[in-house]
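Reader: I'd like a close look at one part of this protein, the aromatic rings and the helices around them. Could you walk me through what sits against what?

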Amino acid sequence: MKIGAHVSTAGGVSKAVDRAADIGAEAIQIFASSPRSWAFKPLAESEVIKFREKSETLGVGPTFIHGSYLVNLGGPPELLEKSINSLSLNMEAAGQLGAQGVIFHTGSHKGRGFEAIFEQATLALAAIIKNSPPNVWLLIENSAGAGDHIGSKFAEIGSMIDEVGSNRLQVCLDTQHCFGAGYGIADPDEIDTVMSEFDDAIGLDRLAAVHANDSKVAFGSGVDRHENIGDGDIGVEGFKTIMSHPAFADVPFLLEVPGAHKKGPDKENVDRLKAVRAELDLV
């Protein structure tokens, strides 16, 4: 079980590896371009080479790219087209960097209902995978359930995966989103049931990454609000429950917490998860 973090690429994508190493992150998540813009700046070849070299030298990996926050597979045609293009460009970048895959939020059905957007969403997923490097995964991230978000229920994610039928379609499980959506993932009396439901709906073989985030909001709130490890409603005991479950034994944990100084994942949070791992003797 590797403990990793989302880190900045400011100054060049290769700088992200240095930042990961500085905070003790063993795996890495980055944005390949601005997550709040449709514009996509191609990666400089020199930076790609440095990224790969540093990753190998410093032993940081696997790498994941997080897609744009603007992506919405449930949106109208123009937005859907932009979403497909954005994710396809991120998949190409993942191939360049040797990354495992691209993690993304599926978006919202805007009140139309999941069934109404099911066909367009699954056709979009299939198109992205078809036109992307063959060794790169596309990872659906579960949502917290607020509003009309797609994928807060395991069954919704599973049905999309089944329809597309590609083994390159994987899942990133966000602990805070699970907690917010009402899945008792942090409860020792409930986690077996939760992961059994995940296995039935999606398949544990598709669990490729975890976003390790504590929760600033109460269980079942339906709200996406991350907190530092141990400072939220999941707490250290909750992460002991999660990390000790066999479903997560070989899955990288990627921090997306605010950090002690509100600058994102930091050494303190990485060390908190490493301490849990050590206590559970999972090294």
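Author: Let's settle one word before we start: a residue counts as buried here when its relative accessible area is under 20%. Keep in mind, too, that this is a predicted model.

With that cut-off, F154 is an easy call, because its relative accessible area is 0% and that makes it buried. Y183 has 10% relative accessibility, so Y183 goes down as buried as well.

Now for the rings themselves. Two aromatic rings are described by how far apart their centres are and by the angle between their planes. The model has 6 aromatic pairs in total. One of them is F154 with Y183, a stacked pair with 4.0 Å from centre to centre and 10° between the planes. These two partners come from distant parts of the chain, 29 residues apart. F154 belongs to helix α5 (residues 154–164), while Y183 is in the loop between α6 (175–180) and α7 (191–201). For contrast, take F248 and F253: their ring centres are 5.9 Å apart and the planes sit at 75°, so that pair is edge-to-face. F248 and F253 are both buried too.

Back to F154 and Y183, since there is a third ring to add. F198 joins them, and ring pairs tie F154, Y183 and F198 into a cluster. F198 is also one of the α7 residues that meet α5, which brings us to the helices.

For two packed helices, the description is the angle between the axes and the distance between them. The axes of α5 and α7 come within 8 Å and cross at roughly 25°. Angles under 35 degrees count as roughly parallel, so α5 and α7 are roughly parallel to each other. As for handedness, α5 passes α7 in a right-handed crossing. On the α5 side, the residues in the contact are F154, A155 and G158; on the α7 side they are V194, E197, F198 and A201. Sorted by class, the α5–α7 contact has 5 nonpolar residues, 1 polar and 1 charged. So F154 turns up twice, in the ring cluster and in the helix contact.

How do other helix pairs look? Helix α1 (residues 15–22) and α2 have axes that come within 8 Å and cross at roughly 25°, so α1 and α2 are roughly parallel as well. Here K15, V17, D18 and A21 of α1 meet E47, F51, K54, S55 and L58 of α2. The class count for this contact is 4 nonpolar, 1 polar and 4 charged.

Helix α2 (residues 45–58) also packs on helix α3 (residues 77–97), at an angle of about 55° and with the axes 9 Å apart. That angle makes α2 oblique to α3. E45, V48, F51 and R52 of α2 touch G95, Q96 and L97 of α3, a set that splits into 3 nonpolar, 2 polar and 2 charged residues. F51 takes part here and in the contact with α1.

One last stop, back at F253 from the edge-to-face pair. F253 is among the residues that I3 touches, including A25, M243, V270 and L273. I3 lies in strand β1 (residues 3–6) and is buried, at 0% relative accessible area. The C-alpha atoms of I3 and V251 are separated by 9.2 Å, with their positions 248 residues apart along the chain.

Key
Residues numbered from 1 in each chain as written. Predicted model: local features only at pLDDT ≥ 70, side-chain atom pairs only at ≥ 80, totals over all residues. Heavy atoms only, no water. Phe/Tyr/Trp six-rings, centres within 6.5 Å; stacked < 30°, edge-to-face > 60°. Helix = DSSP H or I, 4+ residues; strand = E, 2+ residues; numbered from the N terminus. Buried < 20%, exposed > 50% of the residue type's maximum accessible area, 1.4 Å probe, protein only. Axes fitted to C-alpha atoms, helices over the stretch in contact; angles between N-to-C directions. Parallel < 35°, antiparallel > 145°, perpendicular 65-115°, else oblique. Left-handed = near helix turned anticlockwise from the far one by under 90°. Contact = heavy atoms within 4.5 Å. Nonpolar A, V, L, I, M, F, W, Y, C, P; charged D, E, K, R; others polar. Lists of a residue's contacts leave out its neighbours within four places in sequence.
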